[in-house]
Amino acid sequence: MLVMSVQDEALRKAKRFYCYLLIPAVCFVAVGVRAAWSDEIILSNEYWSVQVSPAALEMSAELPGGDKILLSRGQPDLGPIGDIVKDGSRAQWLLKAKGIKVEVRLDKRDLSVQFFSGKTGAFTWPVFQERANIKALIWPRWEGCYIPLDEPRWEKYLVEHGEWNTLEGLSMPFWGLDCGDFSLTYIITNPYNNVINFNRTGDILEARFSHEFTSVQSKKEYGFLIRLGQNNSPVEPAKQFRRWLKQQGEFVGMKEKVKKVPRAERLLGAPHIYLWGDAFFTRHCIPPGKWKSFCGKLLEQSKAGRLSPGGRFKELMEPERWAEVVTLSSAQWPDKYIKGQVANELSRLLEMRDFYDKGCWREVVLPDEAAELLKKDSDELTTPELCRMNGLILRAGFAEFMIPVDSWGDGVSGRMLEQFKESGFDRMRLCVEGWEGIEKRPEVAKQADRMGYLFGTYDSFHSIHDPSMRGTDSTWSTAQFDRELFEKGPIVRKDGKKRGGFKGTGFKLSPIAARAHVEKRVRENMKNVPYNYYFVDCDAYGEVYDDYSPFHRASQADDVRARLDRLSWISDTFNVVVGSEGGSSYSAKVIHLAEGIFGPGFGWGDPDFKNKDSEYYLGQYYPPDGPKVFVKQVPMMEKYQYFNYDPRYRLPLYEIVFHDSIVTTHQWANSSLKYSNVLDTVALTELLYMVPPLYHMNLDEFDRYRDIMKRHYEYFSPLHREFGFAQMTDFNWLSSDRKLQRAVFDDRVEMIANFSQQPRRYRGDEIPARSISARWLDGGKKKILTFTPNLNSGAVK
């Protein structure tokens, strides 16, 4: 619908009609409200002509074919101007009341608009309004979105979203406009201190881009490069941003990263897995059919009236756990949960330095290794030595009931690695949620490295908690530092208050203040376990801040530099692959892996996710060997499908820019197999974008999903080994419903995904419903490989 004011109608009659165009989440175009503002400046070349009203900052463009577009509507309250200079394709002037110098330059298809301020405060430009001649907004939210202007749900989403921070809200600092015959790309040259707000005034949707000039900035400037481009692909704006990024010398390819960290090549063909179950002793250490007999033996020994291993266990165990031993000793079908409870208690005992009592074990023949370790003072034993010694002692007394100690454990175990290998997985990126469990058996990390896997730990320096909370359920290990850092390290807002931490606990920690503590912790972790991969949460998420603390005053740019410097330090110092959550473009030069770009986190605070009576209940962060929030399958609500996984509205903008620089995958809460009603869509999109799956695994989960994972791996892994670090050179829709899609890598292979429920044809070949085909383009014999996930049909056990 075209809405015109009286002024607009007069302009139309005067043959001076201008169409407006929008930006962030629905493309917008608007009719210019032109007042008697100062003399206009016209910059033109063979590609386009740009008309500027200096006093109001209204800018519009006209193409040789007659297409007209308003780049930003005018603002009538900017005050007087001065110092106007026009020199060929360049113009500049001063907004006197604002203390802002404006510089506009036209160079071929590029229009540069830059603002320089001598004052602090917020400034708004551009301002966009919705109109009819722009088809859609190309929006880099996570992977990317295609937002048609005639979709009211998207318009409502944009408005209700609130502020769009151009770091946390956008994965890359640009947006594009699908203008039919051409495209426009707005590249934000300063990604810091920016917000975009959408609102509706009457029948018109408006978006305002605002930048804050702050006292902590060393340079107070921001601006845009508005680039005129072709429109033969919906990802054209991403191609333009990539070109600009390379022109700035800000692009680092994965091949260059691999030269510095050769193990990064192991990302090729590797699925990504979080391992669960890191206790030293687990219910899997005793075969299912032997639990009753084992507990019966313990009970028998405890009643014998003499010192015995069983008596020692009764002495050391919590009373409620011993009661469970008694229950299991007479159970016809020992309960899985109770077995887990008893196993966890045994694991706790095996970490005790006084577990071994010579009198209780005098009738047990100990293995030589245990005997040698017993010669050491128990306080001198390392954690792995202590656990292994006690484990060998335990098994010596109950060998008929237990598997060998070397096979103990659950997801974090050599047994798990061997099952992966035996099932044909020769590439994997494995990660644990924390270092406490793996430090009891660091040999698992060594084994993973020998097998060609990446193996790492999660870490975070995002929040800091009061040290007095240590050891309680209200804190977590990554947020614990010393008292001095807790007092002086938090980020401070402009109003002098410390920024609250994650979930409102503690404070957000300055990356500048934390640096020495980062090095201390990482060195300790690497000494304890030989990781070849390290994941640092949040550093690439875009959640960065101005800091007004007197101890570490910093701008957002300083904050980013400190985060990237510590990620680089970890990678360079220990020659490890590094990953982080998010993957905001500022991090692309440093990280190898970005979690959450492909499959983002969503629905934070949605009550259905926490309501145990809802079919959408995600599950508890329990049990520790496989938290339901990660492994429990649930359906995805329609609204989250629509805004996050509907192929009609997804675009691989991030892959176009960074596929040959960063490997992307899911945010860990939204893994490949989490949502039961979008399994096929997720798998097809992963393969179309050449993105690895992410799973949560322990021994039980792998038994459940082994066949599905193998089938996917056999198709995905060979392709990804060849094209996982390749540039995504093109992307197109091949059908009007946008359900037949094509992605091209290095101009050598094309992936054709059919998201529809009917077979489709492409170049004479049939693509089955809900399937994908890989087609090689580099000559020679025709080669086509087709895959149908078939997951939503009940293939999951």
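This report looks at one sheet and one helix in a predicted model.

## A sheet of four strands

Let's start with the sheet. Strands of a sheet pair through backbone hydrogen bonds, either parallel or antiparallel. Here, four strands form an open sheet in the order β9-β16-β15-β12, and their pairing is antiparallel. The edges are β9, at residues 121–129, and β12, at residues 164–165; each of these pairs on one side only.

Take a look at the β12 edge. Strand β12 is joined by two bridges to β15, which covers residues 194–201, and the two run antiparallel. To find this spot in the structure, look for N165, which stands opposite V195 in β15.

## A helix against the sheet

Helix α2, made of residues 152–161, packs on the sheet. Its contacts there are with β12, β15 and β16 (204–213). The direction of α2 makes about 125° with that of β15.

## Helix α8 and its surroundings

Now move along to α8, at residues 336–350. How far apart are its end C-alpha atoms? They are 21 Å apart, which agrees with the expected span of 21 Å, because 15 residues are counted at 1.5 Å a residue. At the start of this helix, a side-chain oxygen of D335 comes to within 3.0 Å of the backbone nitrogen of Y337.

Is α8 mostly covered or mostly open? Mostly covered: 11 of its 15 residues are buried. Among them are I338, V342, L346 and L350, as well as K339 and E345. The cover over the buried residues includes α5 (291–302), α6 (309–316), α7 (319–329) and α10 (383–397).

Conventions
Residues are numbered from 1 along each chain as its sequence is written. This is a predicted model: local features need pLDDT of at least 70, side-chain atom pairs count only at pLDDT 80 or more; totals for chains, interfaces and linings use all residues. Side-chain values use heavy atoms; hydrogens and water are left out. Two strands pair if DSSP finds at least two bridges between them. Contact means heavy atoms within 4.5 Å. Axes are lines fitted to C-alpha atoms, for helices over the stretch in contact, and angles run from 0 to 180 degrees between N-to-C directions. The expected span of a helix is 1.5 Å times one less than its number of residues. Buried means under 20% relative accessible area, exposed over 50%, partly exposed in between (1.4 Å probe, protein chains only). A polar contact is a pair of N or O atoms within 3.5 Å; within protein, one must be able to donate a hydrogen and the other to accept it, and residues adjacent in sequence count only if both atoms are side-chain atoms.
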